[in-house]
Amino acid sequence: MSGDDEAYVYDEATGEWLPPGSAATPPEATAVRDAAGNVLADGDSVTLIKDLKVKGANQTLKQGTVIRSIQLTDDPAEIDCRHDTIKGLVLRTEFVRKR
């Protein structure tokens, strides 16, 4: 037995022993992207790309409306944000574009 045997790493995800340096790295957090594919981050401003009816508020947000200071959520397809007249607004990233 050589000393290299101890360098192998057990990968629990695949159930295999892997040579050093080839162990699978943990998956990175999925980047939150807008409709155009731009990466979004907390505090970014976004613009709506289509008119959206807001459920429970009987209001429509028009295309081109700027939403400032977004907050990312656990779901990469949704962002938390505020609008002057609507608090606790959650938007789908497919309807916004980074400014």
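A nonpolar core here is a set of buried Ala, Val, Leu, Ile, Met, Phe, Trp, Tyr and Cys residues joined through side-chain atoms within 4.5 Å. Buried means under 20% relative accessible area, exposed over 50%, and partly exposed in between (1.4 Å probe, protein chains only). The model is predicted: local features need pLDDT of at least 70 and side-chain atom pairs pLDDT 80 or more, while totals for chains, interfaces and linings use all residues. Residues are numbered from 1 along each chain as its sequence is written, and side-chain values use heavy atoms, with hydrogens and water left out.

**Exercise 1. Work out which strands feed the largest nonpolar core, and what Leu40 touches.**

Step 1: the largest core has 15 residues, and Leu40, Val46, Ile70, Ile79, Leu89, Leu91 and Val96 have the most contacts inside it.
Step 2: strand 3, strand 4 (52-54), strand 8 and strand 9 each supply at least two residues of this core. Strands (E, at least two residues) are DSSP runs, numbered from the N terminus.
Step 3: take Leu40. Skipping residues up to four places away in sequence, its contacts (heavy atoms within 4.5 Å) include Val32, Val46, Ile70, Leu72, Ile79 and Val96.

**Exercise 2. Find the strand order of the sheet that holds strand 9, then sort the side chains of strand 9 by face.**

Step 1: strands pair if DSSP finds at least two bridges between them. Strands 7, 8 and 9 form an open, antiparallel sheet in the order 7-8-9. Its edges are strand 7 (71-72) and strand 9, each pairing on one side only.
Step 2: four bridges join strand 8 (residues 78-81) to strand 9. Asp80 has Val90 as its bridge partner, and Cys81 has Leu89.
Step 3: in a regular strand the side chains alternate between the two faces of the sheet. Strand 9 (residues 89-92) does just that: Leu89 and Leu91 share one face and are buried, whereas Val90 and Arg92 point to the other and are not.

**Exercise 3. Lay out the sheet that contains strand 3.**

Step 1: the order is 6-3-10, again an open sheet of three strands with antiparallel pairing.
Step 2: strand 6 (66-67) and strand 10 (96-98) are the edge strands.
Step 3: two bridges join strand 3 (residues 46-48) to strand 6, with Thr47 partnered by Val66.

**Exercise 4. Is Tyr10 buried or partly exposed?**

Step 1: locate Tyr10 in strand 1 (residues 9-11).
Step 2: its relative accessibility is 42%, so Tyr10 counts as partly exposed.
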